Amino acid sequence: MAYGFPRDGMNSPRKVHVKSFGCQMNVYDSNRMADTLAPEGYVETASPADADLVILNTCHIREKAVDKLYSEIGRMRELKDAANADGRQMLIAVAGCVAQAEGKEIVRRTDSVDLVVGSQNYHRLPSLLARARGGETVVDTEFPLEDKFDALAQPSPQAIAKRGVSAFVTVQEGCDKFCTFCVVPYTRGAEVSRPVEKIVADVDRLAASGVREVTLIGQNVNAYHGLDAGGAPVALGQLLRRLAEVPGIARLRYMTSHPRDMIGGLSDDLIAAHGDLPALMPYVHLPVQSGSDRMLAAMNRKHTRADYLEAIARLRAARADLAFTSDFIVGFPGETEQDFRDTLTLAEEVNFATAYTFMYSSRPGTPAAELADQVPEAEKAERLQRLQAVITRQWRAFNASFVGKTMDILVEKPGKLTGQLVGRSPYLQSVHVMARPSLIGSIVKVVITDVGTNTLFGEMTQTVRGPAHATLGA
Ligand code: SAH
Ligand code: SF4
Ligand code: F3S
């Protein structure tokens, strides 16, 4: 059967179901995989049961992620057997960071997987799939020399419109920081920045298809140093200034930043951009991991508690309404009660809008996995709970502080109730408001009336800026 054409005798396209685990980079990659398969005749389906190809886009960051993958493969195997019984071929592909890290081990451990493709090789998907379809079990986890970004297909205007008014754009990938607990430098390779012109072209295309908000993503996004048209390196602040000029783009965000790149002279321009660019949203994710200098050194974070607090203070001086989120790891090897208390006091001092809190998870191949002084699970769990109590209190207070205030809301999609729309505040809070569907893609002024568990509720006062495309979502 010819690959890439509708199935024999049937005029229906092939269907691909992509399931993402892990970070924003994986969500972005999942979309780009779908875009790359679209010219091959694949359409996306939300239901794995009727898919001809299921791609599990995996994350390797914590132990449970691998367990999750194998239980997911088990579930998919049942669907695959059912498809086979119907005389239909269904392929299972594993992509992402577990694919990169485990490679052949995956096809050794299970015979249900047809293709393992590493995080840098998605542009080769069409040829790899052709081989898999012919019955070969294919593993490709080499770090290639060619630029995967250039080789991946661009989304069609229809695909963009379907995904909504907010989009991710990868500007940087990989990491050279080698925190002692982390697998990312091994699964994503060395840090690489994309050239400015390519990013501008991506954002132009997104804006032309109705996207209003762009989040620049990278494992170390504020280490960005892509080249401009003249071959000169450009830092993230300058890139944001350039993108703020793209017509139709009302909001810019970036994640994830490393505190090491938010201190010292090189960060001045990025910090100043927060004061200069109204489009740059006042919400910064700055993972700190620990408040203890002893732990920060053992983690090889290359910054101190004081450095972190200074970065926060400089950002707040540039824009007073900035809010911060963070990542924390509790129970890193050797963490004492005093070290942990330093983390609690740092959280109190900064007052976060919210944060992700994790128990340290030992990752094979990372330096911290070799450390003797591992913290018992029960102690980690107890510390996690104590930290979560502080963060939950801060998060509730942050949300409650907006009741009675007016916020700019980017309207994204219809809500569950008739006449209800869901949008995002500058702080990524989900806001429910009653308004007409034609406002999807607009930024509207909303008075916040109530706070739910994960949502704010409000009433619209006026439209600020209309959608770039009047038809979007209408
Ligand atoms: N610089 C990247 C880090 C990605 S990992 C970024 O910020 O996006 C995201 C978070 O996972 C890290 O900030 C850290 O808090 C957590 N993490 C990474 N490795 C971990 C491990 N071995 N155990 C527990 N949490 C971990
Ligand atoms: Fe991992 Fe540290 Fe790199 Fe973040 S900065 S990806 S935590 S090694
Ligand atoms: Fe996970 Fe890979 Fe992202 S390990 S957090 S999917 S970079």
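This report walks through the ligand shells, nonpolar cores and aromatic contacts of a predicted model.

## Around the ligands

Let's start with ligand 2. Its surroundings include Cys175, Cys179 and Cys182, along with His258 and Arg301. By class, this shell holds seven nonpolar, two polar and two charged residues.

Turning to ligand 3, the residues around it include Cys23, Cys59 and Cys97, as well as His60 and Arg188. Here the shell divides into four nonpolar, four polar and one charged residue.

## Nonpolar cores

The largest nonpolar core has 53 residues, and Leu216, Leu239 and Tyr254 touch the most other members. Helix H9 (residues 196-208) gives the most to this core, contributing six residues. Another core, of 23 residues, lies apart from it and includes Val165, Ala353, Met407 and Val433.

If you would like to look at Leu239 up close, its contacts beyond four places in sequence are Val171, Val196, Ile199, Leu216, Tyr224 and Val234.

## Aromatic pairs

The whole structure has eight aromatic pairs. In one of them, Tyr283 and Tyr427 meet edge-to-face, 5.9 Å centre to centre with 75° between the planes. Tyr283 lies in strand E14 and Tyr427 in the loop between strands E18 and E19, so this pair ties together parts that are 144 residues apart in sequence. Tyr427 is buried, at 7% relative accessible area.

Tyr427 also forms a tilted pair with Phe402, 5.4 Å centre to centre and 35° between the planes. Phe402 is buried too, at 10%. Ring pairs link Tyr283, Phe398, Phe402 and Tyr427 into a cluster.

## Charges over rings

Arg62 lies over the face of Phe358, 3.7 Å from the ring centre. The charged end of Arg109 sits over the ring of Tyr70, 3.7 Å from its centre.

Key:
Residues numbered from 1 in each chain as written. Chains lettered and ligands numbered in written order. Predicted model: local features only at pLDDT ≥ 70, side-chain atom pairs only at ≥ 80, totals over all residues. Heavy atoms only, no water. Near = heavy atom within 4 Å. Nonpolar A, V, L, I, M, F, W, Y, C, P; charged D, E, K, R; others polar. Core = buried A, V, L, I, M, F, W, Y, C linked by side-chain atoms within 4.5 Å. Buried < 20%, exposed > 50% of the residue type's maximum accessible area, 1.4 Å probe, protein only. Helix = DSSP H or I, 4+ residues; strand = E, 2+ residues; numbered from the N terminus. Contact = heavy atoms within 4.5 Å. Phe/Tyr/Trp six-rings, centres within 6.5 Å; stacked < 30°, edge-to-face > 60°. Lys NZ or Arg CZ within 6 Å of the ring centre and 35° of its normal.
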